[in-house]
Amino acid sequence: MNKLILSILIVIILTGCNVFPTDTLSQPEGKVIMNGEQYKMIQSDYQWKEDNVEISTKSSADINELAELFETIEVEKDDTLKFKIDKNPTSITVAKLNEDGTTDIVEMKDNEIKMPSQSGYYIYQLITIWSKGKQTFVFDVNVE
């Protein structure tokens with residue numbers, strides 16, 4: 001009888017201490033939304049620290065190689081793109097790489113950005129920050 005009670009107490013204690021975690025640590029995903037269609041952005045440079053788990057990955061590819069992995073979105077001049085990023089980041093910085101190699105910071109309002117008023121190919125990089133980490137996302141567009 002004592003063994004049975006001891007076994008039950010051990011199970012209760014282990015369950016109460018959450019020795020068997022039910023949550024898994026997952027990398028946030030980011031999506032670009034254009035005319036209701038969602039495109040998963042390419043993930044790069046990821047850092048996260050939660051409880052006693054720390055994850056850090058650095059991409060060996062440059063931004064042009066990462067953009068090649070993304071299905072280029074065809075957009076019109078002055079179109080609006082919307083973003084949906086998991087885990088509600090506290091900060092998002094959007095940088096636009098122009099065809100001439102220059103980079104501009106793009107204003108984002110309500111998780112939306114406006115496409116350029118000039119035709120061309122552009123690569124966008126989003127640097128997202130949470131209290132527990134940060135992540136970079138990449139996508140590209142062709143403005144007609």
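Two strands count as a pair when DSSP finds at least two bridges between them. Keep that in mind for the close-ups below, which all come from a predicted model.

**View 1. The whole chain is built from two helices and eleven strands.** Starting at the N terminus, the elements go α-β-β-β-β-α-β-β-β-β-β-β-β. The protein chain has 144 residues, and 33% of them are buried. Now think about who touches whom: among contacts with a separation of 6 or more, 65% are between residues 24 or more positions apart. On the outside, the chain exposes about 9,500 Å², with carbon and sulfur atoms supplying 49% of that area.

**View 2. The hairpin of β3 and β4 has two residues between its strands.** These two strands run antiparallel and are held in register by five bridges. Here's one spot to find: K49 sits opposite E54 of β4. In this hairpin, D51 has a positive phi near 55°. Next, look along β3 for S44, which belongs to that strand. Is S44 buried or exposed? With a relative accessibility of 7%, S44 is buried. Setting aside neighbours within four places in sequence, S44 touches S59, L66, Q135 and T136.

**View 3. β2, β1, β6 and β9 line up, in that order, as an open antiparallel sheet.** Strands of a sheet pair through backbone hydrogen bonds, and they can do so either parallel or antiparallel. Which strands stand at the edges? They are β2 (37–40) and β9 (112–114); each has a single partner strand, so one side of each has no neighbour in the sheet. From one strand to the next, the twist averages 30°. Zoom in on β1 and β2 and you'll find four bridges joining them in the antiparallel sense. Within that pair, M34 stands opposite E37 in β2.

**View 4. Two loops each hold a residue with a positive phi that isn't a glycine.** One of these residues is D78, in the loop between β5 and β6. Its phi is about 65°, although D78 is not a glycine. D78 is partly exposed, at 38% relative accessibility. Move along to the loop between β6 and β7 and you'll meet K87. K87 also has a positive phi of about 65° without being a glycine. With a relative accessibility of 35%, K87 counts as partly exposed.

**View 5. β10 pairs with β7 and also with β11.** How many bridges join β7 to β10? There are seven, and the two strands run antiparallel. Follow K96 across and you'll land on its bridge partner in β10, Y124. With β11, strand β10 shares eleven bridges, again in the antiparallel sense. A hairpin of two residues makes the link from β10 to β11. For a landmark in this pair, find I129, whose bridge partner in β11 is K134.

**View 6. The largest nonpolar core gathers 31 residues.** In soluble globular proteins, nonpolar side chains tend to be buried together. The residues with the most contacts inside this core are L81, I113, Y124, L126, F139 and V141. Many elements chip in: at least two core residues come from each of β1 (30–34), β3 (42–50), α2 (63–68), β5 (73–75), β6 (80–85), β7 (91–97), β10 (120–130) and β11 (133–143). What does I113 touch, if we skip residues up to four places away in sequence? Its contacts are D79, T80, L81, F83, V94, V106, E107, M108, Y124 and F139.

**View 7. The rings of Y124 and F139 form a stacked pair.** A pair of aromatic rings is described by two things: the distance of the centres and the angle of the planes. Six aromatic pairs turn up in this model. Why is the pair of Y124 and F139 stacked? Their centres are 5.1 Å apart and their planes are at 10°, so the pair counts as stacked, the cut-off being planes under 30 degrees apart. The pair links distant parts of the chain, with Y124 in strand β10 and F139 in strand β11, 15 residues apart. Both partners are hidden from the surface: Y124 is buried at a relative accessible area of 1%, and F139 is buried at 0% relative accessibility. To finish, trace the cluster that ring pairs make out of Y39, F70, F83, Y124 and F139.

Note on methods. Residues are numbered from 1 along each chain as its sequence is written. This is a predicted model: local features need pLDDT of at least 70, side-chain atom pairs count only at pLDDT 80 or more; totals for chains, interfaces and linings use all residues. Side-chain values use heavy atoms; hydrogens and water are left out. Buried means under 20% relative accessible area, exposed over 50%, partly exposed in between (1.4 Å probe, protein chains only). Contact means heavy atoms within 4.5 Å. Accessible areas come from the Shrake-Rupley method with a 1.4 Å probe; for residues, only the protein chains shown count as cover. A nonpolar core is a set of buried Ala, Val, Leu, Ile, Met, Phe, Trp, Tyr and Cys residues joined through side-chain atoms within 4.5 Å. Axes are lines fitted to C-alpha atoms, for helices over the stretch in contact, and angles run from 0 to 180 degrees between N-to-C directions. Rings of Phe, Tyr and Trp (its six-membered ring) pair if their centres lie within 6.5 Å; planes under 30 degrees apart count as stacked, over 60 as edge-to-face and the rest as tilted.
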